[in-house]
Amino acid sequence: MNILENIQSADFQKGLEITGLGLAGVFIFMAVFLAIIVGVDKLFPYKPEKAA
Amino acid sequence: MDFEVLVPAIAFMTWKHLVMIAVGLTLIWLAIKKGYEPTLLLPIGFGAILVNIPFTAALTQTDPAGNVVVGALDVLRNAGISTELFPLLIFVAIGAMIDFSPMFQKPTLLLFGAAAQLGIFITMLLAVAVGFSLPEAASIGIIGAADGPTSIIVSQQLAPQLLGPITVAAYSYMSLVPLIQPPVIRALTSKKERMIRMKTDANKKVSRTTLILFPIIITVLAGIIAPSSLALIGFLMFGNLIRECGVLNSLSQTAQKELANLVTILLGITIASTMTANEFVNVETLMILGLGVFAFVFDTAGGVLFAKFLNLFYKEGNKINPMVGACGISAFPMSARVIHGMGLKEDPNNYLLMPAISSNVGGQIGSVIVGGLILMLVPLFA
């Protein structure tokens, strides 16, 4: 096991790219979810049910 | 007659088999005595014993006449794990159990469900650095999702040979959240930060329409952006829709109880079928177990540091308690309870449960999203 060699390997470089894309992707997803939650909550606010 | 013919199980028992039987007994002990994830660790522990007795009929064997006798656990593995059916059914059950309404109280906390996935990627890089291939490393990293079914699906697709140790690590460390998270949080925060009180609207109510639309919109959106995440997200959201629609209460209860219990029994013991001595007792397994701890540590650090980063922009009085960031993992509600407890320890009047739950729910969604992203990205690069 040669850690230095592995860090310079193509797999590690690809891993770095996946890390960048993955973290960016999950933040984008969550930001979109956040916008949806806020939007849907504004569009359909809670209204207390009227007593029959 | 030869000893080997009379008692082949004893004659062919090796030290590796004995190690695995000891592992099985340890898991059973942890489940019963310590209460660590008993619903899974107990079946996995018992299964580990079952499959490590030489010539066990629970696994496929060849009889002396040369005929192949199919073992029940292999049947279950092919039907439920190789097809990903069991973890997906568990997702239906989990979806039916999740109440997403706390997320609507402070939606920005959802972002911690992204930040606290940092450990997955750091661990993936560490795993590559110690010599694992990229698909194997990604599967090991996903232990940090703190989400058993996601770990199973990702490792089944990218590195099925590592399914056993990855699943055991994922479920074991999920149960060890109360031991893993507090020291990391204390190392990264000051007492003053841990005492920050958060404003939340605990009385905010969410309309039924919103709760019904949420799983449908999320499913469509996830499908458009990352179709590979759709099985994971879709089954989770399907379960949630059953819960929230209000007209399928009986199905919702069945999904939360009977379905969850039945699949959990089968899932645990089937996972154990991968824990045979030859596949499990090696240096790789020890490395995976070690890397799994890193995944949880860096997840926690990711959430805490992101909260501290956000606090640079928030005014006094609106700041986020950085401990809440650590709840962005999927271990629900364990992580939220741990943070709530830590908050009370620092200040007996500081109730962090609601924001912690919001962040924790975000972590449940985040872990599934990351699972889908990894399934999409790794094959593109590997």
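**Helix H10 of chain B and its surroundings**

I'll start in chain B: the buried residues of H10(B) pack against H2 of chain A, together with helix H9 (118-129), helix H11 (148-158), helix H12 (163-175), helix H19 (283-311) and helix H22 (353-381) of chain B. This is a predicted model, in which local features need pLDDT of at least 70, side-chain atom pairs count only at pLDDT 80 or more, and totals for chains, interfaces and linings use all residues. Residues are numbered from 1 along each chain as its sequence is written, with chains lettered from A and ligands numbered from 1 in the order in which they are written.

Helices are DSSP runs (H or I, at least four residues), numbered from the N terminus. Buried means 20 or more other C-beta atoms within 10 Å of a residue's own, with C-beta atoms placed from the backbone. By that count, eight of the eight residues of H10(B), residues 134-141, are buried; among them are Leu134(B), Glu136(B) and Ile140(B).

Next, two of those neighbours. The axes of H11(B) and H22(B), lines fitted to C-alpha atoms over the stretch in contact, come within 10 Å and cross at roughly 5°. That makes H11(B) roughly parallel to H22(B) (angles under 35 degrees). Residues of H11(B) including Ile153(B) and Val154(B) meet residues of H22(B) including Gly371(B) and Ile374(B); contact means C-beta atoms within 7 Å.

Now the chains. 32 residues of chain A are in contact with 40 residues of chain B. H2(A) gives the most to the chain A side, with 24 residues.

Key
Two residues are in contact if their C-beta atoms, placed from the backbone, lie within 7 Å. Helices (H or I, at least four residues) and strands (E, at least two) are DSSP runs, numbered from the N terminus. A residue is buried if 20 or more other C-beta atoms lie within 10 Å of its own, exposed if 12 or fewer, and partly exposed in between; C-beta atoms are placed from the backbone. Axes are lines fitted to C-alpha atoms, for helices over the stretch in contact, and angles run from 0 to 180 degrees between N-to-C directions. Angles under 35 degrees count as roughly parallel, over 145 as roughly antiparallel, 65 to 115 as roughly perpendicular and the rest as oblique.
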